[in-house]
Amino acid sequence: MTDSQVEYTTLLARYGELFLKAGNRSRFERQLERNIRRALAGTEATVQSPHGRLVVRTSPAFFADVEARLRKVFGLVSISPVACPPADLEAIAETGLQVANAVVTAEPALRRSFKVQTRRSNKRFPHRSYDVSCAVGNRIAAATGIPVDVKAPAFTVGVEISPGGVFVFAESRACPGGLPVATAGKALLLLSGGIDSPVAAYLAAKRGLALEGIYFHSPPFVGEKTLDKVMSLARVLRGWDAMSAVWVVPFTDVQKKLREAGRADMAVVLYRRMMMRIADRVADRIHADGLVTGETLSQVASQTITNLTTIEAAARRVVLRPLLTYDKVETIALAKRIGTFDLSTLPYDDCCALFVPPNPATGARVKDAEKSEAKLDLDALADEAADAATRMTL
């Protein structure tokens, strides 16, 4: 390894919101560590948690893969590739110089200025943070001629001295933030092949929910390519730890009976109310606390506050709508960022697009829906559909 080459095998991971959890913080930290270990399965990585940080060590062969996986772990706000010198001031200064040289070799424009920032949680280390910053900064300035600018540096060399080791770094890469998955309970997400529901899954998982999906399949009106598309979306979400399985519910017969029983303009509301009933039954089986949908207020004609109220009235659990106030531009931007947009825009419609009237009801009241539903044995239909559901693991 030369001064301009630093071969990293260790990553320092930081978390944000967990600091707010006071007495529950250790529970959140343990869950985050479990999630990281699961995300890194098969990479030979080890995980330690010294003093408010997580340290992940791996081999050079797995380093890029480990870094990519960590950047999808909810609860982490950033990671840094770090060099790990011994707890000795001279060794730390020399490592700081190597890290700085690697930075300006990769990007010469950063030679404008730098600073050193030290965090010392190991109070047994004999030098103060200020003294460490000065020692490292003097070494870098003398060897490279790069000036120090503590107010607006072109790059920063970070030094962290903790009971778990010494870490020197110059880069910080963003992670998704939020809370560790499974710290906020479990929910069942109504997953379609569209743009919205996968994004809703991402946002719900980011707030700590563990999710399974439920997809309503209506062959032959909806083909197997649509099911393949939904499962592909679910696998992308699995990469974010935002879905662990998908329940596939045969919905064709239910959809036909609802269409025959109700007013044509009520079709969408009736479909969705029945989806809520079936989802509740599946949620009972997996002990889920709530339902999640990708519905957005006023995005399409049927998504009025009145209709959403009528749909929600059919559910026994809380219905969470993470996208409620998003506009389509915001949702698409997030779908592109998390990798679901290209799949969602494949030309295979889901069951929600079937039998949709040209002028759907925009002010459907609960009593209007119940009047149509009175012609059907709703419990029997919902039980039959839930019993026929198949759970597909990812």
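Residues are called buried when their relative accessible area is under 20%, exposed when it is over 50%, and partly exposed in between (1.4 Å probe, protein chains only). The model described here is predicted, so local features need pLDDT of at least 70 and side-chain atom pairs count only at pLDDT 80 or more, while totals for chains, interfaces and linings use all residues. Numbering starts from 1 along each chain as its sequence is written, and side-chain values use heavy atoms, with hydrogens and water left out.

A good place to begin is helix H10, which spans residues 328-338; helices (H or I, at least four residues) and strands (E, at least two) are DSSP runs, numbered from the N terminus. Its buried residues are Thr 331, Leu 334, Ala 335 and Ile 338. Viewed down the axis of H10, these fall within an arc of 105° and so line one face of the helix, the arc being that of the directions from the helix axis to the C-beta atoms. The buried residues of H10 pack against helices H5 (196-206), H6 (224-239) and H11 (341-344), where contact means heavy atoms within 4.5 Å. On the face turned away from this buried side, H10 carries the exposed residues Val 329, Lys 336 and Arg 337. At the N-terminal end, Asp 327 acts as a cap, with a side-chain oxygen 3.1 Å from the backbone nitrogen of Val 329. After H10 comes Gly 339, with a positive phi near 90°.

Turning to the strands, three of them form an open sheet in the order S5-S6-S7, with mixed pairing; two strands pair if DSSP finds at least two bridges between them. Strands S5 (114-120) and S7 (165-169) are the edges, each pairing on one side only. Neighbouring strands of this sheet are turned by 10° against each other on average, direction ignored. Axes are lines fitted to C-alpha atoms, for helices over the stretch in contact, and angles run from 0 to 180 degrees between N-to-C directions. S5 and S6 (residues 155-162) pair in the parallel sense over seven bridges, and Val 116 stands opposite Val 157 in S6. Helix H3 (residues 89-106) packs on the sheet, touching S6 and S7, and its direction makes about 150° with that of S6. Helix H4 (residues 129-144) lies across S5 and S6, running at about 150° to S5.

Finally, the structure holds zero disulfides, a disulfide being a pair of cysteine sulfur atoms within 2.5 Å. For Cys 84, the nearest cysteine sulfur is that of Cys 175, 17 Å away. Cys 84 is partly exposed, at 38% relative accessible area, whereas Cys 175 counts as buried at 12% relative accessibility.

Key
A polar contact is a pair of N or O atoms within 3.5 Å; within protein, one must be able to donate a hydrogen and the other to accept it, and residues adjacent in sequence count only if both atoms are side-chain atoms.
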